[in-house]
Amino acid sequence: MKREDVYKALDSERAYQDEMSQRSDRPDMIEEMHIGDILSAIYYNLGFANAAWYQGSVPHQDAMQYLRKIGALCVKAGETYGMKDR
């Protein structure tokens, strides 16, 4: 998969997360996330990614779904708190 395609997948996940945070039937999705909220969500999804990897097989698409969520959470953190260039 090309890097540009990975970025598109992360961008679509961010759009989905924003959409879900606006829905009243999704109280688990909050719009204003503090860094601790984001870190907790990353840690939560990392547990699922790890379990999916352990139980899965190559190409580990179940685990990759959680990594997409985690990547989008990292993007949200960067949008909210900024990110220095390397």
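Here is a short tour of the helices in this structure, which is a predicted model.

**Stop 1: the surface by the first helix.** Select Met-1, Val-6 and Tyr-7, and show their surface. Together they make up a nonpolar patch with about 370 Å² of accessible area. Tyr-7 also belongs to helix H1, which covers residues 3-21, so keep that helix in view for the next stop.

**Stop 2: helix H1.** Pick the C-alpha atoms at the two ends of H1: they are 27 Å apart, and this agrees with the 27 Å expected for 19 residues at 1.5 Å a residue. Now colour Leu-10, Glu-13, Arg-14, Gln-17, Met-20 and Ser-21, which are buried. They lie on the same side of H1, because they cover an arc of only 125° around the axis. Turn to the other side of the helix and you will find Glu-4, Lys-8 and Asp-11, which are exposed. What do the buried residues of H1 pack against? Select residues 61-81: this is helix H3, their packing partner.

**Stop 3: helix H2.** Move on to residues 35-55, where the end C-alpha atoms are 30 Å apart, in agreement with the 30 Å that 21 residues should span at 1.5 Å each. The residues to select here are Ile-38, Ala-41, Ile-42, Asn-45, Ala-49 and Ala-52, which are buried in H2. Look down the helix axis: these buried residues fall within an arc of 100°, so they line one face of H2. On the other side, Leu-39, Tyr-43, Tyr-44, Tyr-54 and Gln-55 are exposed.

**Last stop: back to H3.** Show H3 again with H2, since the buried residues of H2 pack against H3. The buried residues of H1 pack against H3 too.

Definitions and conventions. Residues numbered from 1 in each chain as written. Predicted model: local features only at pLDDT ≥ 70, side-chain atom pairs only at ≥ 80, totals over all residues. Heavy atoms only, no water. Patch = residues over 30% accessible without salt bridge, like charges linked within 9 Å, V, L, I, M, F, W, Y side chains within 5 Å. Areas by Shrake-Rupley, 256 points an atom, 1.4 Å probe, with all protein chains shown as cover. Salt bridge = Lys/Arg side-chain N within 4 Å of Asp/Glu carboxyl O. Helix = DSSP H or I, 4+ residues; strand = E, 2+ residues; numbered from the N terminus. Expected span 1.5 Å × (residues − 1). Buried < 20%, exposed > 50% of the residue type's maximum accessible area, 1.4 Å probe, protein only. Arc of directions from axis to C-beta. Contact = heavy atoms within 4.5 Å.
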